[in-house]
Amino acid sequence: MDLLSLDQFAGCLHETFSADLQGMQIAFVLVEALPLPNTGPDGQRAPFSLVFHNDSALLFPQQTYRMQHPRLGGVDIFLVPVAQDKTGFLYQAVFN
């Protein structure tokens, strides 16, 4: 299995990823893709963070979601809710 990288997601900013949640398709828009400081020994990939926005009034639980994207295909991403705004919730994924 290839490791996911920041470069794969950088071109997907402001694009929609779809996650299947109990038979419903939930839209998450990638709103941020940033590198993180590399504090450990040289690893297999540079660490990075992704932030997704979902405009539902429902808070989705912290868990791994199977995300679908037209160019990237299906990827499993562990999302953690980190903030709420006027239109929904923000979810972060950290890759290290």
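## Strands β3, β5 and β6

In this predicted model, Phe52 stands opposite Tyr91 in strand β6. The two strands involved here, β3 (residues 48–54) and β6 (residues 88–95), run antiparallel and are joined by seven bridges.

Strand β6 also pairs with β5, again in the antiparallel sense, through five bridges. Together, β5 and β6 make a hairpin, with two residues between them. One bridge of interest links Asp85 to its partner in β6, Gly88.

## A closer look at Asp85

Let's stay with Asp85 for a moment. This residue belongs to strand β5, which covers residues 73–85. Is Asp85 buried, partly exposed or exposed? Asp85 counts as partly exposed because its relative accessibility is 33%, and the range for that class runs between 20% and 50%.

Which side chain does the side chain of Asp85 meet in a polar contact? The partner is the side chain of His53, at 3.1 Å. A polar atom of the Asp85 side chain also lies 2.9 Å from the backbone nitrogen of Thr87. Thr64, by contrast, is 21 residues from Asp85 along the chain, and the C-alpha atoms of these two residues are separated by 22 Å.

## Strand β1 and its partners

Now to the start of the chain. Strands β1 and β2 pair antiparallel over six bridges, and Asp20 stands opposite Gln25 in β2. These two strands form a hairpin with two residues between them, and Gln22 in the turn has a positive phi of about 50 degrees.

Strand β1 has a second antiparallel partner, β4, to which it is joined by two bridges. Here the bridge partner of Ser18 is Gln68 in β4. Ser18 sits on the uncovered face of β1 along with Thr16 and Asp20, while Phe17, Ala19 and Leu21 make up the covered face.

## His69, a buried histidine

Strand β4 is also the place of His69. His69 is classed as buried because its relative accessible area is 4%, and the cut-off for buried is under 20%. Which residues does His69 touch, if those up to four places away in sequence are not counted? They are Cys12, Glu15, Thr16 and Phe17. In addition, the His69 side chain reaches the backbone nitrogen of Leu72 at 3.4 Å.

## Aromatic rings

How many aromatic pairs does the structure hold? There are eight. One of them is formed by Phe28 and Tyr65, which are tilted, with 5.8 Å centre to centre and 50 degrees between the planes. This pair links distant parts of the chain: Phe28 is in strand β2 (residues 24–35) and Tyr65 is in strand β4 (residues 63–69), 37 residues apart. Both Phe28 and Tyr65 are buried.

Five phenylalanines, namely Phe9, Phe17, Phe48, Phe52 and Phe95, form one aromatic cluster.

## The nonpolar core

In soluble globular proteins, nonpolar side chains tend to be buried together. In this structure, the largest nonpolar core has 24 residues, and those touching the most other members are Phe9, Phe28, Leu50, Phe52, Met67, Ile77 and Leu79. The elements giving two or more residues to this core are α1 (6–10), β1 (16–21), β2, β3, β4, β5 and β6.

Leu79 gives a good view of these surroundings. With neighbours within four places in sequence left aside, Leu79 is in contact with residues including Phe28, Phe52, Tyr65, Met67 and Tyr91. Its contacts also include Pro61, Gln62 and Ala93.

Note on methods:
Residues are numbered from 1 along each chain as its sequence is written. This is a predicted model: local features need pLDDT of at least 70, side-chain atom pairs count only at pLDDT 80 or more; totals for chains, interfaces and linings use all residues. Side-chain values use heavy atoms; hydrogens and water are left out. Rings of Phe, Tyr and Trp (its six-membered ring) pair if their centres lie within 6.5 Å; planes under 30 degrees apart count as stacked, over 60 as edge-to-face and the rest as tilted. Helices (H or I, at least four residues) and strands (E, at least two) are DSSP runs, numbered from the N terminus. Buried means under 20% relative accessible area, exposed over 50%, partly exposed in between (1.4 Å probe, protein chains only). A polar contact is a pair of N or O atoms within 3.5 Å; within protein, one must be able to donate a hydrogen and the other to accept it, and residues adjacent in sequence count only if both atoms are side-chain atoms. Contact means heavy atoms within 4.5 Å. Two strands pair if DSSP finds at least two bridges between them. A nonpolar core is a set of buried Ala, Val, Leu, Ile, Met, Phe, Trp, Tyr and Cys residues joined through side-chain atoms within 4.5 Å.
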